Amino acid sequence: MRRPVVAGNWKMNLNGQAAVELAAAIVKGGIDGSADIVLCPPNVYLMSVVDSTRASSVGVGAQNAYFEADGAFTGETSVAMLVDCGASHVILGHSERRQLLGETDAVVNKKLHAVMASPLVPIVCVGETLAEREAGKTVEVVRRQCEGAFLGISEDQAARVVLAYEPVWAIGTGKTASPEQAQEVHLDLRNWFEKRYTSALAQGIRILYGGSVKGSNAKELLSKPDIDGALVGGASLKADEFLQIIAAAH
Ligand code: PGA
């Protein structure tokens, strides 16, 4: 039985007060402990969100990390710094970083290796663009992204990873992959893990769906056998909506 994960990716939204209030409202909303709940605020609010969630089982994640340990990398944040701030998770390879900030599979791989040397749980994102889906390349693209990200990653390390399938055309667009479309890709990804590692690893790894997940569609998506939770953007900025998604994961 895979334990569900519901992660909120707040992206570059909110201010300090709003971040703390949102975290407090989610903690108060009745987390029953049957799923891993993770809030991913902008880095500058990490410590205050860690403070607001301290008495709960809610985890706090960063939206990115750099792969070098320290040095002259202006504007970057190391994995050790995130740990120091109290983070438990980190998102890697989000499509906005790949598309807008030039992050390649090779960079995602370096970041994953850096995170593996820390206690953080990585949430590694893969997903195809609309053009790639229309060209029938979805499976090829997500497998290539997985091959790149998991290069040199051992089975023990991979077992700690949470994967997120996020079709780029469904992110922030209001267009959700149908539960059947998502399930098909999730199953294919699970098969990829079986070939790359073992059946035990494939059966244990958690694969989240992301892309316009809302309170109203979460139940249908999360009821699919290979969808183990959600990575939520827009709808994670409203406590009620996010709590509905959490309820759907239980
Ligand atoms: P969305 O974003 O839920 O707003 O589509 C998901 C994500 O980018 O993780």
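These exercises, each with a worked solution, concern a predicted model of one chain and its ligand.

**Exercise 1. Overall fold**

Task: State how many helices and strands the chain has, and compare its radius of gyration with the globule rule.

Solution:
- Start with the secondary structure. The chain has 12 helices and 8 strands.
- Take the radius of gyration next. It is 17 Å for the chain, and the globule rule gives 18 Å for 250 residues.
- The two values are close, so the chain is as compact as a globular protein of that length.
- Finish with the extents. The C-alpha trace spans about 45 × 45 × 35 Å along the principal axes.

**Exercise 2. The ligand shell**

Task: Describe the residues around the ligand, then find its polar contacts and its buried share.

Solution:
- Begin with the shell. It holds 13 residues, and the closest are K11, H94, E166, G172 and S212.
- Sort the shell by class. There are 4 nonpolar, 7 polar and 2 charged residues.
- Look for polar contacts; the cut-off is 3.5 Å between N or O atoms.
- E166 uses its side chain: a polar atom there lies 2.7 Å from a ligand oxygen.
- G233 uses its backbone. An N or O atom there lies 2.8 Å from an oxygen of the ligand.
- G234 also offers a polar backbone atom, 2.8 Å from a ligand oxygen.
- Now take the area. The ligand alone exposes 280 Å², and the protein buries 95% of that.

**Exercise 3. Backbone angles beside strand 1**

Task: Place K11 and L14 in the chain, and give the sign of phi for each.

Solution:
- Locate K11. This residue sits in the loop between strand 1 (5–9) and helix 1 (16–28).
- Locate L14. The loop between strand 1 and helix 1 holds this residue too.
- Read phi for K11. The angle is near 50°, a positive value in a non-glycine residue.
- Read phi for L14. Here the angle is near 75°, again positive in a residue other than glycine.
- Link back to the ligand. K11 is among the closest residues of its shell.

**Exercise 4. The largest pocket**

Task: Give the volume of the largest pocket and describe its lining.

Solution:
- Volume: the largest pocket has about 580 Å³ of space.
- Lining: 22 residues take part, with P42, N43, Q63, N64 and R97 nearest the centre.
- Main contributor: helix 4 (residues 95–100) gives the most to this lining, with 3 residues.
- Classes: the lining has 11 nonpolar, 7 polar and 4 charged residues.

**Exercise 5. The second largest pocket**

Task: Repeat the analysis for the second largest pocket.

Solution:
- Volume: the second largest pocket has about 240 Å³ of space.
- Lining: there are 14 residues, and P4, L222, I227, D228 and A249 lie nearest the centre.
- Contributors: helix 11 (218–222) and helix 12 (239–249) each supply at least two lining residues.
- Classes: the count is 7 nonpolar, 3 polar and 4 charged.

Technical notes
Residues are numbered from 1 along each chain as its sequence is written. This is a predicted model: local features need pLDDT of at least 70, side-chain atom pairs count only at pLDDT 80 or more; totals for chains, interfaces and linings use all residues. Side-chain values use heavy atoms; hydrogens and water are left out. On a 1 Å grid over the protein atoms alone, a cavity is a set of points where a 1.4 Å probe fits but cannot get out, and a pocket is an open set with protein on both sides within 12 Å along at least five of seven lines; lining residues have an atom within 4 Å of a point. Grid points are joined across faces, edges and corners, and a volume is the space filled by probe spheres set on the points. Helices (H or I, at least four residues) and strands (E, at least two) are DSSP runs, numbered from the N terminus. Ala, Val, Leu, Ile, Met, Phe, Trp, Tyr, Cys and Pro count as nonpolar, Asp, Glu, Lys and Arg as charged, and the others, Gly among them, as polar. A residue is near a molecule or strand if one of its heavy atoms lies within 4 Å of it. A polar contact is a pair of N or O atoms within 3.5 Å; within protein, one must be able to donate a hydrogen and the other to accept it, and residues adjacent in sequence count only if both atoms are side-chain atoms. Accessible areas come from the Shrake-Rupley method with a 1.4 Å probe; for residues, only the protein chains shown count as cover. The radius of gyration is taken over C-alpha atoms; the globule rule is 2.2 Å times the number of residues to the power 0.38.
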